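Me: I have a model open and would like to learn how to read it feature by feature. Could you walk me through it?

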Amino acid sequence: MWEPVDVACHRCRITLPLLDAPVPREAWWKFLYEHAYHPVELMWEHSEAHERIDIDYVEVNSDIRSDPSFAEYAGEWTGRALALHPRPVARAVAGIVRRAQDAMDAHEWRAAPADAVVAERLVRSMDFAPPPGETVDDAAVLARLATVEATLERLRRAAAEPLGEHFGTLLNDLLSALPTPADLPPDELRAESGPLASPRLWDTERALRLIQHLLWSITHRSA
Ligand SMILES: [Zn+2]
């Protein structure tokens with residue numbers, strides 16, 4: 001039986017489905033050209049390896065609006081430079097998120113009554129889905145930075161609350177992987193932005209998006 005296959009680059013955190021049609025074939029050649037010397041993996045869609053593809057991966061031809069279509073990926077994809085820029089923060093956060101998710105799946109996660117309340121409060125104030133191709137001016141960079149800083153501050157305050165052992169440890173691990181205000185100086189972020197957002201800012205937003213996703217499952221789990 002034929003099963004769909006994706007190719008993933010784990011350095012750039014991007015996946016592409018392999019389809020035998022003209023435009024997807026062009027996209028596949030582009031992928032080879034772009035990622036041939038990177039850690040690339042072929043994976044069946046329903047394999048265990050595929051489950052390791054977290055939401056930080058850009059998925060060509062997904063139904064997420066900020067992801068590129070086959071034609072965009074094969075051609076002039078506006079977000080390319082930013083989307084394929086290394087995301088060290090998101091990568092570190094993805095590892096922490098995966099370990100937490102594994103503990104939940106293995107029923108090793110011990111929750112306290114406050115966990116769900118705190119997770120829900122945090123998640124309600126988070127809405128991180130930055131499209132890489134969005135052009136930004138100074139005001140947009142500062143507005144996005146302010147949103148990031150406010151969320152980081154909420155995470156810091158939540159970590160000081162009486163949480164369950166696992167949730168408390170998780171928040172502290174996440175906070176040590178996330179940048180501090182000193183790592184995100186507004187002037188530098190503005191200088192490295194334009195026309196696309198600053199890579200550091202985008203990396204942090206993608207990391208927060210992973211956390212947002214995990215907090216949803218904590219909210220549902222303890223409900
Ligand atoms: Zn790559």
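Me: How many bridges join β2 to strand β4, and do they run parallel or antiparallel?

Reply: Happy to help. Before that, some ground rules: this is a predicted model, in which local features need pLDDT of at least 70, side-chain atom pairs count only at pLDDT 80 or more, and totals for chains, interfaces and linings use all residues. Residues are numbered from 1 along each chain as its sequence is written, and side-chain values use heavy atoms, with hydrogens and water left out.
Strands of a sheet pair through backbone hydrogen bonds, either parallel or antiparallel. Two strands pair if DSSP finds at least two bridges between them; strands (E, at least two residues) and helices (H or I, at least four) are DSSP runs, numbered from the N terminus. Here β2 and β4 (residues 58-59) run parallel, joined by 2 bridges. Within this pairing, Thr15 stands opposite Glu59 in β4.

Me: Which strands does β1 pair with?

Reply: Strand β1 (residues 5-9) pairs in the antiparallel sense with β3 (residues 40-44) over 5 bridges, and with β2 (residues 14-17), also antiparallel, over 4 bridges. Ala8 shows both pairings: its bridge partner in β3 is Glu41, and in β2 it is Thr15. Cys9 has Ile14 as its bridge partner in β2. The link between β1 and β2 is a hairpin with 4 residues between the strands, and Arg13 in the turn has a positive phi of about 55 degrees.

Me: In what order do the strands form the sheet?

Reply: The order is β3-β1-β2-β4, an open sheet of 4 strands with mixed pairing. β3 and β4 are the edge strands, each with a single partner, so one side of each has no neighbour in the sheet.

Me: Are the faces of β1 and β2 covered or uncovered?

Reply: In a regular strand the side chains alternate between the two faces of the sheet. For burial, the cut-offs are relative accessible areas: buried is under 20%, exposed is over 50%, and partly exposed lies in between (1.4 Å probe, protein chains only). In β1, both faces are covered: Val5, Val7 and Cys9 are buried on one side, and Asp6 and Ala8 on the other. β2 is likewise covered on both faces, with Ile14 and Leu16 buried on one side and Thr15 and Pro17 on the other.

Me: Which residues coordinate the zinc ion?

Reply: Start with the donor rule: donors are N, O and S atoms within 2.8 Å of the metal (3.2 Å for Na, K and Ca), and water is not among the atoms, so sites may look incomplete. The donors here are Cys9 (SG), Cys12 (SG), His35 (ND1) and His38 (ND1), at 2.0 to 2.4 Å. Their spacing in sequence is C-x2-C-x22-H-x2-H. Both Cys9 and Cys12 are buried.

Me: What is the geometry of the zinc site?

Reply: Four donors count as tetrahedral if all angles lie between 85 and 135 degrees. The 4 donor atoms of the zinc ion make angles of 102 to 114 degrees, and the site is tetrahedral.

Me: Where is Ala36 found, and is Ala36 buried or partly exposed?

Reply: Ala36 sits in the loop between α1 (22-35) and β3. With a relative accessible area of 48%, Ala36 is partly exposed. Its C-alpha atom is 9.0 Å from that of Cys9, 27 residues apart along the chain.

Me: Which residues have the most contacts inside the largest nonpolar core?

Reply: A nonpolar core is a set of buried Ala, Val, Leu, Ile, Met, Phe, Trp, Tyr and Cys residues joined through side-chain atoms within 4.5 Å. The largest one has 60 residues, and Ile14 and Phe167 have the most contacts inside it. This core draws at least three residues from each of domain 1 (5-77) and domain 2 (85-222), bounds that come from an automatic or database domain assignment. Counting contact as heavy atoms within 4.5 Å, Ile14 touches residues including Phe31, His35, Tyr57 and Trp77.

Me: How far apart do the C-alpha centres of the two domains lie?

Reply: The centres of domain 1 and domain 2 lie 25 Å apart. Their contact takes 13 residues from domain 1 and 13 residues from domain 2.

Notes. Tetrahedral: all angles 85-135°; square planar, octahedral: opposite > 155°, others 65-115°. Lists of a residue's contacts leave out its neighbours within four places in sequence.
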